[in-house]
Amino acid sequence: MATEPGINMEAKIDARENPFEPYLDALKKVLEDQDPIFMIGIVVSLAVVVITVVFLKYILSRKTVQSAVLLVGLCDSGKTLLFSRLLSGKFKKTQTSITDSSAPYKAKNERGSSWILIDLPGHDSLRPQYVEKFKSAARAMVFVVDSAIFQKEVRDVAEFLYFLLTDSVVSRNVPSLIVACNKQDITMAKSAKLIRQQLEKEMNTLRVTRSAALSAQDGSAGASVHLGKKGKDFEFSQLPMKVEFLECSARGSKGEDGEADIASLEKSLAKL
Amino acid sequence: MLDFFTIFSKGGIVLWCFQGTGVTESFTGPVNALIRSVILQERSGNNSYSHDALSLKYKLDNEFELVFVVGFQKILTLTYVDKFIDDVQLHFRDRYKNELEQKGALALLNSHFAFEDDFKMLLREAEESSKARGPTSMRSFNASLKSQKTVKSMIETKGGDKGKEQGGKKNKNAKKEGKGEKAKASTSAQKTEENGNQGLTQEEIIQKKREEFIRKRMGAPVEKPSKSPKPVKEKPKGKEKRVWTLGGSSTKELDYSQSNGNGAHAAGDQGLDAQADPVCAFLFKMFLSPKKGAFGGMFGMLKGLVGSKSLSQEDMEPVLDKMRDHLIAKNVAAEIASQLCDSVAKKLEGKVMGTFTTVASTVKGALQDSLVQILQPKRRVDILRDVLEARSQRRPFVITFCGVNGVGKSTNLAKISFWLIENGFTVLIAACDTFRAGAVEQLRTHQRRLNSLHPPQDHGGRPIVQLYEKGYGKDAAGIAMEAIAYARNQAFDVVLVDTAGRMQDNTPLMTALAKLIAVNMPDLVLFVGEALVGNEAVDQLVKFNQALADHSMSDKPRLIDGIVLTKFDTIDDKVGAAISMTYITGQPIVFVGTGQTYNDLRSLNARAVVGALMKA
């Protein structure tokens, strides 16, 4: 009876191999029928396709690595002059920008890290397109505010800041935000603390009005990201990203030939 | 004589500037105004702009992303400016090619452009060339044509040939005359060319035509014998052998096989590039090229396909024509479509295309960008926030609706008041349509329905919507003023003023509307226009704005602040009216009406509208 289990085992093994057997045999026959060179050709091309796909994925994923710092803000807030000062230290006359400018920037820290600084136009009709184009590549945003005429523009500043903060890509990537209160060389300029308080109050109101805004005509509603904590007044500390307020003056207190007063900005940029 | 000249990059950095002697004001303001109103609003079709007392001319260099602007006093008429800008542009490009070609803004920031000497030289040349043509003196009678004619020739006889004024005297003095005339003809032709912008006067046109006529005659009579002083009828000389310009006497000229090989190919390149798929075009050209001596041609073809081909006007012409027709088919007003296409052509001229991009795709992309840019609002549009602001200042927020007959003013007014009361604001409707039968009753029905949707019990016993009306036949401006005063007393948040529809040509009604707006100074003047309108939109908006500007007493008249686009559900994708309206006024579309119930109120999504517009 010892052979019985053997026979049973064999039968079982046979039964197990049996379902595969006919398929394997058929496959072997088909492969042997084909020209070997043809088979090699097929294998090579499959390998090439797989390698290309892997390669492309690697390259495409590399592009969305955030390596840029965006200079955003309203029109005439001093972004282009700040761009010039940060990169070359020189004072240049500027006009309203129509397109973006970008250049590599070496941060002033021990590591000597360098990333790309991009200056976006601030005009209302160009802003949304350029933000759309560059927002996924942003690792930090420098929001430039004109401190001298802030009181008149507070609603426009707050609306743009709200638009940036509630954007889906921005709330996903969480780039750090530096609010640079520019034009401090003018005597009527507001301090960073005051600007921060006013913006918090304004964003509070905007949360209500923006969520009540009409939906677009094709049915797509606006951003549904709620800023800060529900039920409590809005504060910048409630945001998931790092927010910093600082003062600077791109023109500098000594006029056009002197140095710009951007030490605090450079320090913050070095910390990125 | 120029006030200033600046060269700056499109990113905003000024590369070089020149300020005329004695000019103290900075030019930043006027140039910024130029950028905002012309370049950003896609009106760059004609290249001049006036701001206060200055007249600005500009030129875009799209290859290196530069803008050249020159400013001078409006009262001066300088004829050399156009050619001067072109010369300066070419000179600047050639001289600083290296710095400009580098990508990134570092090169622009770090290099110093010392262009003064070249600029002064070019300016001197331009001024001298304009002075060289001295004032042309009037001819004396003896030198004129009239003295050459005999009196008899000038008498018109019945059925006579008054055209054939070949006076004998004319023939004798013909040769002497011819040279003087020719010289004068060339200078005055030059003068008229230079004065292209100023326009030819009637006299100069007649003089020019006379000179051409004389020149033609001068060629012929040298051969003809001049016999008698009497007017001689010109005999037909008999059939002359016809000379074809392209036909040669020998067949050697018709042989294009060797040296012109590349030239023929270059011509072929242009045609294929513009239309065919680039890969197919490349293969097609490869098969067509002859084997020997065409390597240069082949490399030229390759170069033309793989980037570094700059766009010229001829390349873009067919594509732009097609796009213009497409836009017009989508209900964009005809003149707006052509202005838009001109502006896109100006923006793309000289631009270097990327690899494997066709002209059509570049032009379509640029047109799409400009359309989105036009539809983006140029100021913040947030009515609820502004109403809250007005409430904090304890005054009502006044919105006035105006438009032609039958566009949907009362319907959309009801929709907007529904939206406002949903957000908790109290609304007063002022029935200033005192003309159309049933207008007041219509608004009363809306008021009742809205109040039943939001009963007064929920809002502290006060009806959330009230109607202020004074019946029919009264003065609309007076009713509006009383309504606003009533709202202020009763602390209403918003006042919606409904006016009667009126045609834009109807002057007394336009005056009445302008008076209503000027007297009451509403916070928002909304023009209600239907999406079905075509070329009429341009006329309506222009005339409405004109009327509002003319009849207001102040120096800063209240114009149309926003547009309500109604009946949007009746058009599928022929959404061109949105473009026409925003282009003409520069104001945003605040509301879009998509139906007749209270919920059918939307805001505008620029990308969706442009997508529907560009869809084939």
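This is a short talk on how chain A and chain B meet, and on some of the salt bridges in and around that contact.

Okay, one thing before I start: this is a predicted model.

So, the interface. Chain B brings 52 residues to the contact and chain A brings 42. Together they bury about 4000 Å², with 56% of that on carbon and sulfur atoms. If you're wondering who contributes on the chain B side, L109(B), R380(B) and R385(B) supply 15% of the area that chain B buries against chain A, more than any other three residues. Keep R380(B) in mind, we'll come back to that one.

On the polar side, we count twelve residue pairs in polar contact between the two chains, and six salt bridges. Which element of chain B gives the most to the side touching chain A? That's α1(B), with six residues. As for the make-up of that side of chain B, we get 27 nonpolar residues, twelve polar and 13 charged. One of the salt bridges across the interface pairs R36(B) with D76(A), at 3.4 Å, N to O.

Now back to R380(B). Its partner is D156(A), and the closest N and O atoms are 2.9 Å apart. R380(B) sits in the loop between α15 and α16 of chain B, while D156(A) is in helix α5 of chain A, so this pair joins two chains. Is R380(B) buried or exposed? It counts as buried, at 14% relative accessibility, whereas D156(A) is partly exposed at 27%. And the pair isn't on its own: a network of salt bridges links R155(A), D156(A), E202(A), R380(B), R385(B), D386(B) and E389(B).

Just before that loop you have α15(B). Its 17 residues should span 24 Å at 1.5 Å a residue, and the end C-alpha atoms are 25 Å apart, so that agrees. Among its buried residues are V359(B), V363(B), A366(B) and L367(B). The buried residues of this helix pack against α4 of chain A, along with α1, α13, α14, α22 and α23 of chain B.

Last bit: salt bridges inside a chain. D167(A) and K135(A) meet at 3.0 Å, N to O, and they are 32 residues apart, linking distant parts of the chain. D167(A) counts as buried at 12% relative accessibility, and K135(A) is buried too, at 11%. In chain B, D523(B) pairs with R395(B) at 3.1 Å, and here the two are 128 residues apart. Both are partly exposed: D523(B) at 27% and R395(B) at 31%. Over all chains the count comes to 29 salt bridges.

Methods:
Residues are numbered from 1 along each chain as its sequence is written. Chains are lettered from A and ligands numbered from 1 in the order in which they are written. This is a predicted model: local features need pLDDT of at least 70, side-chain atom pairs count only at pLDDT 80 or more; totals for chains, interfaces and linings use all residues. Side-chain values use heavy atoms; hydrogens and water are left out. Contact means heavy atoms within 4.5 Å. Buried area is the accessible area (1.4 Å probe) that two parts lose on being put together, summed over both. A salt bridge is a side-chain nitrogen of Lys or Arg within 4 Å of a carboxyl oxygen of Asp or Glu. A polar contact is a pair of N or O atoms within 3.5 Å; within protein, one must be able to donate a hydrogen and the other to accept it, and residues adjacent in sequence count only if both atoms are side-chain atoms. Helices (H or I, at least four residues) and strands (E, at least two) are DSSP runs, numbered from the N terminus. Ala, Val, Leu, Ile, Met, Phe, Trp, Tyr, Cys and Pro count as nonpolar, Asp, Glu, Lys and Arg as charged, and the others, Gly among them, as polar. The expected span of a helix is 1.5 Å times one less than its number of residues. Buried means under 20% relative accessible area, exposed over 50%, partly exposed in between (1.4 Å probe, protein chains only).
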